[in-house]
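This briefing walks through one protein chain, topic by topic, for a reader who is new to looking at structures. Please keep the sequence and the 3D view open while reading.

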Amino acid sequence: MRAERVEICMWQQTLITLQARPRGFHLVTDELLAGLPELQACRVGLLHLWLQHTSASLSINENADPAVRRDFERFFNRLIPQGTADYEHNDEGLDDLPAHFKASVLGCQVSLPVTAGRLALGTWQGVYLGEHRDHGGARKVLVTLYGEGA
């Protein structure tokens, strides 16, 4: 007698609210995973993260040395300076339009592979939240998991 493997197709969508953070780049991998225990039941799949904001960003990068995140902040502040007189949109403060520019350059979404109930990130990879406002507040991430469980 041969045992059959039954695979279950799963779709899971969860809205995760990340805690408010100061301006800068922050490693949020663990906070996202804490809000998605269903990931552990996924044998193989994709996890899509969609940040529901226009003045913050999501990206994948170095997860070990915090100096990388500080260097990111300095680089993007030089690339897209705050307080430039040419900016018309400043109703919400001098940091608002530069935050929108940074979010557009970096993006608001990432898709990650899932293998054996875990994110298949490289050894030194983690999910960054780029908080581009001085006081951006809590940020919402719509998380969609699609995969097969065993």
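Ring pairs join F25, F72, F75, F76 and Y128 into a cluster, and this is a convenient place to begin looking at the model, which is a predicted one. The chain that carries this cluster contains three helices and eight strands. The points below start with the aromatic rings, turn to the chain as a whole, and then visit a helix, a strand residue, a loop residue and a pocket.

**Aromatic rings**

- When the whole structure is searched, eight aromatic pairs are found, and one of them is formed by F25 and F76, whose rings are tilted, with 5.9 Å from centre to centre and 35° between the planes.
- This pair links distant parts of the chain, since F25 belongs to strand β2 (residues 24–27) while F76 belongs to helix α2, and the two residues are 51 residues apart.
- Both partners, F25 and F76, are buried.

**The chain as a whole**

- Following the sequence from its start, the helices and strands come in the pattern β-β-α-β-β-α-α-β-β-β-β.
- The C-alpha trace spans about 75 × 30 × 20 Å along its principal axes, and 37% of the 150 residues in the chain count as buried.
- Among the contacts in the chain with a separation of 6 or more, 84% are made by residues that lie 24 or more positions apart.

**Helix α3 and the residue after it**

- Helix α3 covers residues 96–106, and its buried residues are D96, L97, P98, A99, K102 and A103.
- These buried residues of α3 pack against two other elements, namely β4 (56–62) and α2 (66–79), and α2 is also the helix in which F76 of the tilted ring pair is found.
- The residue that follows α3 is G107, which has a positive phi, near 95°.

**T14 in strand β1**

- T14 is part of strand β1, which runs over residues 8–18.
- Is T14 buried or exposed? The relative accessible area of T14 is 18%, and because the cut-off for a buried residue is under 20%, T14 counts as buried.
- The side chain of T14 makes a polar contact, at 3.1 Å, with the side chain of Q12.
- If neighbours within four places in sequence are set aside, the residues in contact with T14 are G35, L36, V141, L142 and V143.

**A116 in a loop**

- A116 sits in the loop between β5 (109–115) and β6, and the phi of A116 is near 50°, which is a positive value in a residue other than glycine.
- A116 has a relative accessibility of 61%, and because residues over 50% are classed as exposed, A116 counts as exposed.

**The largest pocket**

- The volume of the largest pocket is about 220 Å³.
- Which residues lie nearest the centre of this pocket? They are T29, L33, L39, R118 and L119, out of 14 residues that line the pocket.
- The elements that contribute two or more residues to this lining are α1 (29–34) and β6 (118–119), and β6 is also one of the two strands joined by the loop that holds A116.
- By residue type, the lining of the largest pocket consists of six nonpolar, seven polar and one charged residue.

Terms used:
Residues numbered from 1 in each chain as written. Predicted model: local features only at pLDDT ≥ 70, side-chain atom pairs only at ≥ 80, totals over all residues. Heavy atoms only, no water. Buried < 20%, exposed > 50% of the residue type's maximum accessible area, 1.4 Å probe, protein only. Helix = DSSP H or I, 4+ residues; strand = E, 2+ residues; numbered from the N terminus. Contact = heavy atoms within 4.5 Å. 1 Å grid on protein atoms, 1.4 Å probe; cavity = no way out; pocket = protein on both sides within 12 Å on 5 of 7 lines; lining within 4 Å. Points joined across faces, edges and corners; volume = space filled by probe spheres on them. Nonpolar A, V, L, I, M, F, W, Y, C, P; charged D, E, K, R; others polar. Phe/Tyr/Trp six-rings, centres within 6.5 Å; stacked < 30°, edge-to-face > 60°. Polar contact = N/O pair within 3.5 Å; in protein donor to acceptor, adjacent residues only side chain to side chain.
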